[in-house]
Amino acid sequence: MGTNIRNVQDGFIGEVTGINICAPLTSEQVAVIEKGIDDYAVLTFPGQPLTDEQQVAFTRNFGQLEITLSGQMAKPEERRFQQLELGDISNYAKGDSARMYDRADRKRMYALANRLWHSDASFRAVGAGYTLLHARIVPGKGADTQFADMRAAYDALSAADKAEVENLVCEHSIVFSRQAIGFDDYNPGFDEHLKPVPHKLVITHPKTGRKSLYLSSHIGGIVGWPVPEARAFVRDLTEHATQSRFVYSHKWLVGDLVMWDNRTVMHRATRFDDLKEVRDLRRTSLKGIGLEVKLPQQVAGADAVAA
Ligand code: OGA
Ligand code: MN
């Protein structure tokens, strides 16, 4: 049986079966997945018992792996995995695979911002392209990951609203999303990574030509706008873009791999009993090559923030 993609929700979520992603892929299989994610924006691959190495190898089919900022900022003893490309999305204590974190653990405080709607690494000059999350241990209840379709959200704007957002440029920084939940406990020496970077609010997919809203909780301003006006505007737009008609909630089963395109999708984690139940997901992500969301050089400050 060949690879099949089933439309799970509104041409937004595709479920991929008839493929073993633990093994090396053929170029035809890679092409089917790339087309699938362009068409759908989120792909789920149920029942794939990937090892860490297999997840990294599968991810490499689609581009250059990214090292997350939290991975970069962590000290070696704080890491559970030595491979920096592998993100630790778990409630284990830092660097420990036997003990869960405590209530006030800094790792927990930092990760709680995942509960805000975001696009991965939008605080970088080039944000993440695809993110891949693989479920190793899931809790009995809660902890769905939700996805919102930023293409459908754009399409649903009025003509006047589309015209208003068309040329806006937003400023993104990890500081803004963490500020929103009251976190400011950064390791020293990473100031350069905390500076805002500019991205266009409306981006066009190079292959499908579809426009989407590049929204994220990392946004703290709009170039040329007073900050309070910008934040109120972005809040309204985010509310519009995350209405239930644009949202899918993924209920994790062990062995699920979910892959999404951060340039067309926002996502967020949801609550679970994280001090009592273990949840262990592994994340890989790719540099966002292929969809230019960077601000053109002419806008002041663009050079200074290229990281
Ligand atoms: C992430 C993320 C959501 C979740 O890993 O980037 O946002 O449900 N995770 O863990
Ligand atoms: Mn995320």
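Is H118 buried or exposed? I looked this up before anything else, in what is a predicted model. H118 has a relative accessible area of 5% and is buried.

**Entry: the manganese site**

I went on to ask which residues coordinate the manganese ion (ligand 2). H118 and H267 do so through NE2, and D120 through OD, at 2.1 Å. Along the sequence I read the spacing of the donor residues as H-x1-D-x146-H. I checked D120 for burial as well: its relative accessibility is 2%, so D120 counts as buried, the cut-off being under 20%.

**Entry: the sheet of 7 strands**

I traced an open sheet of 7 strands and wrote down its order as β1-β2-β3-β13-β5-β15-β4, with mixed pairing. Which strands stand at the edges? They are β1 (4–9) and β4 (87–90); each has a single partner strand, so one side of each is left without a neighbour in the sheet. From one strand to the next I noted an average twist of 25 degrees.

I then followed one pair inside this sheet. Strand β3, residues 42–45, pairs with strand β13, residues 257–261, in the antiparallel sense, and 4 bridges join them. Opposite V42 I found W260 of β13.

**Entry: helices across that sheet**

I looked at what α1 and α2 lie across. Helix α1, residues 27–40, lies across β1, β2 (13–17), β3, β5 (128–137) and β13. Its direction makes an angle of about 130 degrees with β3. Helix α2, residues 52–60, lies across β3, β5, β13 and β15 (280–287), and runs at about 25 degrees to β15.

I picked A31 in helix α1 for a closer look. A31 has 40% relative accessibility, so I list this residue as partly exposed. I also took the C-alpha to C-alpha distance from A31 to F62: 9.5 Å in space, with their positions 31 residues apart in sequence.

**Entry: two alanines with positive phi**

I noted in passing that most residues other than glycine have a negative phi. A41 is not a glycine, yet I read a positive phi of about 95 degrees for it. Where does A41 lie? It is in the loop between α1 and β3. With 0% relative accessibility, A41 counts as buried.

A143 also has a positive phi, near 65 degrees, and is likewise not a glycine. I placed A143 in the loop between β5 and β6. Its relative accessible area is 3%, and A143 is buried.

**Entry: the sheet of 3 strands**

I found an open sheet of 3 strands in the order β12-β6-β14, with antiparallel pairing. β12 (247–250) and β14 stand at its edges with a single partner strand each, so one side of each is left without a neighbour in the sheet. I noted that the twist here averages 20 degrees from one strand to the next.

How many bridges pair β6 with β14? I have 5 bridges, in the antiparallel sense. One bridge joins D149 to V265 in β14.

**Entry: the pairing of β7**

I looked up the partners of β7. Strand β7, residues 169–172, pairs with strand β8, residues 197–200, in the antiparallel sense over 4 bridges. C170 has H199 in β8 as its bridge partner. β7 also pairs with β11, again in the antiparallel sense, over 3 bridges. There I noted I219 in β11 as the bridge partner of H172.

**Entry: helix α9**

I took helix α9 last. It covers residues 227–241, 15 residues, and I have 21 Å from its first C-alpha to its last, close to the 21 Å expected at 1.5 Å a residue.

Which residues of α9 are buried? I listed A230, F233, V234, L237, T238, H240 and A241. Viewed down the axis of α9, these fall within an arc of 155 degrees, so they line one face of the helix. As a general point, an α-helix has 3.6 residues a turn, so residues three or four places apart point the same way. On the other side of α9, I found P228, R235, D236 and E239 exposed.

I then asked what covers the buried residues of α9. The cover includes the strands β6 (145–149), β10 (211–213), β11 (219–222) and β14 (265–269). It also includes the helices α5 (150–155) and α6 (159–165).

Conventions: Residues are numbered from 1 along each chain as its sequence is written. Chains are lettered from A and ligands numbered from 1 in the order in which they are written. This is a predicted model: local features need pLDDT of at least 70, side-chain atom pairs count only at pLDDT 80 or more; totals for chains, interfaces and linings use all residues. Side-chain values use heavy atoms; hydrogens and water are left out. Two strands pair if DSSP finds at least two bridges between them. Axes are lines fitted to C-alpha atoms, for helices over the stretch in contact, and angles run from 0 to 180 degrees between N-to-C directions. Contact means heavy atoms within 4.5 Å. The expected span of a helix is 1.5 Å times one less than its number of residues. Buried means under 20% relative accessible area, exposed over 50%, partly exposed in between (1.4 Å probe, protein chains only). The arc is that of the directions from the helix axis to the C-beta atoms. Donors are N, O and S atoms within 2.8 Å of the metal (3.2 Å for Na, K and Ca); water is not among the atoms, so sites may look incomplete.
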